[in-house]
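This report describes selected local features of a single model. The sequence and structure are shown first, and the discussion follows.

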Amino acid sequence: MSVAIKICGLSEPESLRAAVTGGARYVGFVFYPPSPRSVAPAMAAELARLVPTGVRAVGLFVDPDDELLEHVTGQVPLDLIQLHGREEPRRIAAIKSRFALPVMKAIKVGGPEDLAAALEAAEVCDRLLFDAKPPPKVAALPGGNGIAFDWTLLKGRTWPRPWMLSGGLTPDNLADAVATTGASEVDVSSGVEDRPGHKDPELVRRFLQAAAGL
Ligand SMILES: O=C(O)c1ccccc1N[C@@H]1O[C@H](COP(=O)(O)O)[C@@H](O)[C@H]1O
């Protein structure tokens with residue numbers, strides 16, 4: 001089984017090169033200033049020049065307004081918009097229509113009751129992303145916290161849109177995560193860092209090697 005990998009939160013040429021030469025199919029740029037992975041649009045535009053054809057550049061946003069989306073999409077050639085906030089279906093549809101880009105909506109999973117949101121979002125988005133729900137009051141970020149959820153919640157489930165698994169993935173737990181959920185695409189950020197917000201090219205390579213062995 002081949003698993004497509006998204007390496008998220010890239011902000012330096014060295015780690016971006018490690019991602020694309022190692023076989024990542026998606027690279028993610030975070031446009032959310034509170035995140036330690038946040039990258040200026042001008043820098044993301046520079047990094048995007050290193051992304052080869054066939055690898056998709058993903059822009060991660062959290063409850064963005066149109067002004068931010070215009071500012072970023074006007075200078076960074078994105079292939080996909082990732083919405084990782086509290087965007088409701090109507091807002092997702094409006095973004096998709098106005099910016100003419102496919103949209104991937106993050107669904108925060110803490111328990112089985114959270115999965116209904118995936119079906120609602122699937123009516124308007126192009127792809128789904130299942131991530132761990134941040135624990136209240138502990139995590140400051142709406143994602144990128146290196147926290148996994150109970151993968152068995154996805155076991156045997158099917159979804160009306162292509163989907164990715166994320167949340168606390170590492171080179172060491174990737175095989176178990178994929179075997180449990182049946183994911184064919186996964187997204188990682190913290191699990192390939194040596195400190196918050198800083199990608200370790202060696203860990204990026206290890207993650208991609210772990211995926212290639214599946
Ligand atoms: O990476 C971030 O800083 C981030 C900030 C705000 C929302 C989402 C963010 N990242 C996404 O979170 C998940 C899980 O990341 P991790 O591997 O557990 O660190 C992933 O989809 C990232 O794209």
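In which loop does G197 lie?

## The loop at G197

G197 belongs to the loop that connects β9 (193–195) with β10 (198–199). The model is a predicted one, and the values below are computed from it. With 16 other C-beta atoms within 10 Å, G197 is classed as partly exposed, because that class lies between the limits of 12 or fewer for exposed and 20 or more for buried.

When residues up to four places away in sequence are left out, G197 touches P36 and R37. Its C-alpha atom is separated by 26 Å from that of S184, although the two residues are 13 apart along the chain.

## The ligand shell

The ligand is surrounded by 28 residues, of which S35, G143, G144, S166 and S190 come nearest. Three elements each give two or more residues to this shell, namely β2 (26–30), β6 (127–132) and β8 (185–188).

Sorted by class, the residues of the shell comprise 14 polar, eleven nonpolar and three charged.

## Packing of α1 and α7

Two packed helices are described by the angle between their axes and the distance between the axes. For helix α1 (residues 13–22) and helix α7 (residues 201–212), the axes come within 9 Å and cross at roughly 15°. Because angles under 35 degrees count as roughly parallel, α1 is roughly parallel to α7. The crossing in which α1 passes α7 is right-handed.

On the α1 side, the contact involves E14, S15, A18, A19 and G22; on the α7 side, it involves P201, V204, R205 and L208. These residues divide into five nonpolar, two polar and two charged.

## A19 within helix α1

A19 is one of the residues of helix α1. Is A19 buried or exposed? It has 29 other C-beta atoms within 10 Å and is therefore buried, the threshold being 20 or more.

Apart from residues up to four places away in sequence, A19 touches I7, L10, A24, V27 and V204. A19 and L203 are 184 residues apart in sequence, yet their C-alpha atoms are 9.9 Å apart in space.

## F61 in strand β3

F61 has its place in strand β3. It counts as buried, since 21 C-beta neighbours are found inside 10 Å and the class requires 20 or more.

Which residues does F61 touch, not counting those up to four places away in sequence? They are F31, Y32, L68, L69, I81, Q82, L83 and H84. For the pair F61 and F31, the separation is 30 residues in sequence and 5.5 Å in space, C-alpha to C-alpha.

## Positive phi at D63 and A100

Most residues other than glycine have a negative phi. D63, a residue other than glycine, has a positive phi near 45°. D63 is located in the loop between β3 (56–61) and α3 (66–73). Its 13 other C-beta atoms within 10 Å make it partly exposed, because a count of 12 or fewer would be needed for exposed.

A100 is not a glycine, and its phi is also positive, at about 50°. The loop between α4 (89–99) and β5 (103–109) contains A100. With 8 other C-beta atoms within 10 Å, A100 is exposed, whereas D63 is partly exposed.

Methods
Residues are numbered from 1 along each chain as its sequence is written. This is a predicted model: local features need pLDDT of at least 70, side-chain atom pairs count only at pLDDT 80 or more; totals for chains, interfaces and linings use all residues. A residue is near a molecule or strand if its C-beta atom, placed from the backbone, lies within 6 Å of it. Helices (H or I, at least four residues) and strands (E, at least two) are DSSP runs, numbered from the N terminus. Ala, Val, Leu, Ile, Met, Phe, Trp, Tyr, Cys and Pro count as nonpolar, Asp, Glu, Lys and Arg as charged, and the others, Gly among them, as polar. Axes are lines fitted to C-alpha atoms, for helices over the stretch in contact, and angles run from 0 to 180 degrees between N-to-C directions. Angles under 35 degrees count as roughly parallel, over 145 as roughly antiparallel, 65 to 115 as roughly perpendicular and the rest as oblique. A crossing is left-handed if the near helix is turned anticlockwise from the far one by less than a right angle, and right-handed if clockwise. Two residues are in contact if their C-beta atoms, placed from the backbone, lie within 7 Å.
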